[in-house]
Amino acid sequence: MPNVAITGAGSGLGRELALYYAKNDYTVFLLGRTDTKLHIVQNEILENGGNAEVVLCDVREYASVSIAFQQIGQLDVLINNAGIGIFGPVEDYTIDEIEDTLNTNVKGAILTVQSALPLIRASNGRILTIISTAGLRGKVNESIYCASKFAVKGFTESLQKEWEDASFTITSVYMGGMNTPFWENSTHVNDPSRLKGPKEVAAQIYQEDDGRKEILIDK
């Protein structure tokens, strides 16, 4: 049975990815900061006959990420999904908001790949980086979020070149906005219900998770 580790697995797209991979006979390692949310997802997987383990992990902290992946003995797929967004005019962003966004979205992606790499290399496995279309084009009132996602796009594409002859792969995943809790504390999207659901997005990601360089899921 193959293993998949998913960051930000307690809600939204991370939760749906966990459910989908578990349904397809993966053992799922649920990584995140909120123990309660992760255990709810784990229980749902177990009730449906799947296998899942909770691994507390703050992707912003090197020690937390390193310890998390030491708990995973074998890994076939890493899905770098953890991310946050702040929205509004650039002059309104606080230093704390800027640092939290960059630490989670950029530093978190880098630290996670570094810690997972020995396991992925050993299994000839796959890494998927959830970037969103905010990494492809600028958007109004999303300057810091887009900046973070453009950085992760550059990081991922550089690794694709760095690992061009390797037996393991890294895939960029781009999708438009989704109807998830991501927007709960934001007025940036007035009606998230009009957006594509995370279950549909998770299904397409799973179906196209074959080592290709890019998965594009626009709204």
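These legends go with close-up views of a predicted model.

Local features here need pLDDT of at least 70, side-chain atom pairs count only at pLDDT 80 or more, and totals for chains, interfaces and linings use all residues. Residues are numbered from 1 along each chain as its sequence is written, and side-chain values use heavy atoms, with hydrogens and water left out.

**View 1. Thr101 in helix α4.** Thr101 sits in α4, residues 95-123 (helices are DSSP runs of H or I, at least four residues, numbered from the N terminus). At 0% relative accessibility, Thr101 counts as buried (under 20% relative accessible area, 1.4 Å probe, protein chains only). Leaving aside neighbours within four places in sequence, Thr101 is in contact with Ile84, Ile86, Val106, Ile144, Tyr145 and Ser148 (contact means heavy atoms within 4.5 Å).

**View 2. The largest nonpolar core.** A nonpolar core is a set of buried Ala, Val, Leu, Ile, Met, Phe, Trp, Tyr and Cys residues joined through side-chain atoms within 4.5 Å. This one has 28 residues, and Tyr21, Val28, Leu30, Ile45, Ile79 and Ile205 touch the most other members. Helix α1 (residues 12-23) gives the most to this core, with six residues. Apart from it lies another core, of 24 residues, among them Ala5, Val59, Val65 and Leu117.

**View 3. Ile79 and its surroundings.** Setting aside neighbours within four places in sequence, Ile79 is in contact with eight residues' worth of company, including Val4, Ile6, Leu17, Tyr21, Leu128 and Ile130.

Terms used:
Helices (H or I, at least four residues) and strands (E, at least two) are DSSP runs, numbered from the N terminus. Buried means under 20% relative accessible area, exposed over 50%, partly exposed in between (1.4 Å probe, protein chains only).
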